[in-house]
Amino acid sequence: RAAPGIVKPLPPGIFTLRGTNAETDFAALRDTGPLTPADRFFVRNHTSTPVIDERDWTLTVWGSGLRGRRPVEFGYGQLRSLPSVTRTAVVECAGNGRSLFTAQQGETVSGTPWTLGALGAARWRGARLRDVLDRAGITASAVEVMPRGLDDEFISGGVNLGRVRRPLPVAKALDDVILAYEMNGEPLPYDHGFPVRVIVPSWIGIASVKWLGDIEVSDTPLVSPWNTQFYRLFGAAHPAGGSAPLTRQTIKSALELPFGATVAAGVAMTLTGRAWSAAAPVRTVEISTDGGEHWRPARLCDTPRRDGWVRWSADWRPRTTGRVEILARATDRARGVQPERTVHNTQGYLFDAVVRHPVTVV
Ligand code: MTE
Ligand code: MO
C-alpha cells in the first residue's frame, strides 16, 4: 500500500503509513546494525516526493551575502567533484514522540501523531556546505543562509506557504552542515531527497531540507513559516508569541518492541532498544520492568557518539502475568536526563519524557 508521494512500494510490516508520512517501526530494527537501512528510514514530506533527474539538476546560490550579489550555479557532477565528507548523523523530526503528549500526558497537540519512529541514523556522504558557500563567494557580512527544496509549494489551512525552506545561522552553516548525495553508501533514495539534500547534524529534521534547489545567502536575518509559525514552542508555559525557533533535538530512548507486545511469563528474554541525544553522547540507559519502581542499568552495545544513537540491551524474565509497563531512561554526557513529563507545547515538539511502554505478559 503505497501512500501518495512515496515512490517505491514499501515492504509490508516495515512502516506505519500516515498519508505521505511513514514512521519507522522500532521492532523492525531489532535485527539491524547501528544504521537505519534506507528502506526502513522514516519519511516526512510536506507534500509529495518529486522525482528529479540529476542531469537536469542545478543548485543556485544567491543573495545579498555574496560578493557582488552574483548568483552561482553548481551542477550535480560539480558538487560530487568537491572534496567529500562522510559522517553518521541522526535525522529526527521535531515532532517525534508527539502522540505521547496525548497517550501518556492526556494533552492536546496538533500535527502528525508520531510515536517514536520519526527518526533514523544514516551514514551521509556529500560536500561541505562551507566549501560550496566559499566557492560561491560568501562575504563576512552574511548572517543567514536559507536552503529551499524543489518539492511542491506547501498549502496549509488554505494558505500557500511556498516551498519548504528554513534559515540557518551562518555559524552553523559553516560548521558541520553537509550537502549529501549518498545515504548508507548508495545514492540518496527519492524519498530522502535525491539528488541532493541538506544534513544539519543534531538539529530538528526540518533543517535538513530535501531535494535542494537553491540557497539564499543573506546579510540580513531571514524568515520563513518554518521558523515563525512552526518549530517554536507555543502554549501556556512558553513566552507569548512563542519561544525562539527550535534548533537542537532532545534526548530519548525506545524499545525495539511493538507497543502492547505480548511476552511469555517465565521465559528469559533480551529486551533491546536504542537511546540518543542531540546534545552529547549517551552516558547511561536504565530500565524498569515494573512501571518505574525499580531501575537497573542496561548494557550499551555501541560506543556512544554525538549525533548517533546507541543500541542497548537488558535481560528480563517476566514473572507474573498481566499488563506491565517497561520504561527506559537515558542520560547523556551533558547532564541531560529524560524527565518524567515533557512541558506541554501546542504543536507537540521535543517530547523527551520517559516512555511507559505497555507489554502484556501471558
Ligand atoms: N525538505 C523538503 N524539501 N520538504 C519537506 O517536506 N520535510 C522535513 C525535512 N526536509 C521536508 C524536507 C522534515 S519536517 C523532516 S522531519 C525531514 O525532512 C525528514 O527527512 P526524511 O524524510 O528523509 O526522513
Ligand atoms: Mo519534521
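In which strand is W276 found? Take a look at the close-ups below, all drawn from a predicted model.

**View 1. W276 in its strand.** W276 belongs to strand β17, which covers residues 269-277. This tryptophan counts as buried because 24 C-beta neighbours sit inside 10 Å of W276, and the cut-off for "buried" is 20 or more. If you skip the neighbours within four places in sequence, the residues in contact with W276 are V90, K252, V282 and W309. R306 is also worth finding in this view: 30 residues along the chain from W276, with 8.6 Å between the two C-alpha atoms.

**View 2. The stretch annotated in UniProt.** An unreviewed UniProt entry lists residues 268-353 as "domain: Moybdenum cofactor oxidoreductase dimerisation". In the model, this span is 45% strand and 0% helix. From the C-alpha atom at one end of residues 268-353 to the one at the other end, it's 28 Å.

**View 3. Where domain 1 touches domain 2.** The domain assignment puts residues 50-106 plus 119-227 in domain 1, and residues 251-361 in domain 2. Going by C-alpha atoms, the centres of the two domains are 31 Å apart. Domain 1 brings 15 residues to the contact and domain 2 brings 16. On the domain 1 side, β5 (84-92) and α2 (99-105) are the elements that give two or more residues. It's α2 that supplies the largest share of that side, with four residues. Sorted by class, the domain 1 side has seven nonpolar residues, seven polar ones and one charged one.

**View 4. Strand β3 and the strands beside it.** In a regular strand, side chains take turns between the two faces of the sheet. You can follow this along β3 (residues 58-62): L59 and V61 point to one face and are buried, while T58, T60 and W62 point to the other face and are not buried. β3 runs antiparallel to β4 (residues 72-75), joined by four bridges. With β14 (residues 212-218), β3 pairs in the parallel sense, over three bridges. V61 is a handy marker for both pairings: it stands opposite V72 in β4 and opposite I215 in β14.

**View 5. The surroundings of ligand 1.** How many residues surround ligand 1? There are 18 of them, and the closest are H46, C93, G149, G205 and K210. By class, the shell around ligand 1 splits into nine nonpolar, six polar and three charged residues.

Conventions: Residues are numbered from 1 along each chain as its sequence is written. Chains are lettered from A and ligands numbered from 1 in the order in which they are written. This is a predicted model: local features need pLDDT of at least 70, side-chain atom pairs count only at pLDDT 80 or more; totals for chains, interfaces and linings use all residues. Domain bounds come from an automatic or database domain assignment. Two residues are in contact if their C-beta atoms, placed from the backbone, lie within 7 Å. Ala, Val, Leu, Ile, Met, Phe, Trp, Tyr, Cys and Pro count as nonpolar, Asp, Glu, Lys and Arg as charged, and the others, Gly among them, as polar. A residue is buried if 20 or more other C-beta atoms lie within 10 Å of its own, exposed if 12 or fewer, and partly exposed in between; C-beta atoms are placed from the backbone. Two strands pair if DSSP finds at least two bridges between them. A residue is near a molecule or strand if its C-beta atom, placed from the backbone, lies within 6 Å of it. UniProt positions are given in the numbering used here, feature names are shortened, and annotations may be inferred rather than shown by experiment.
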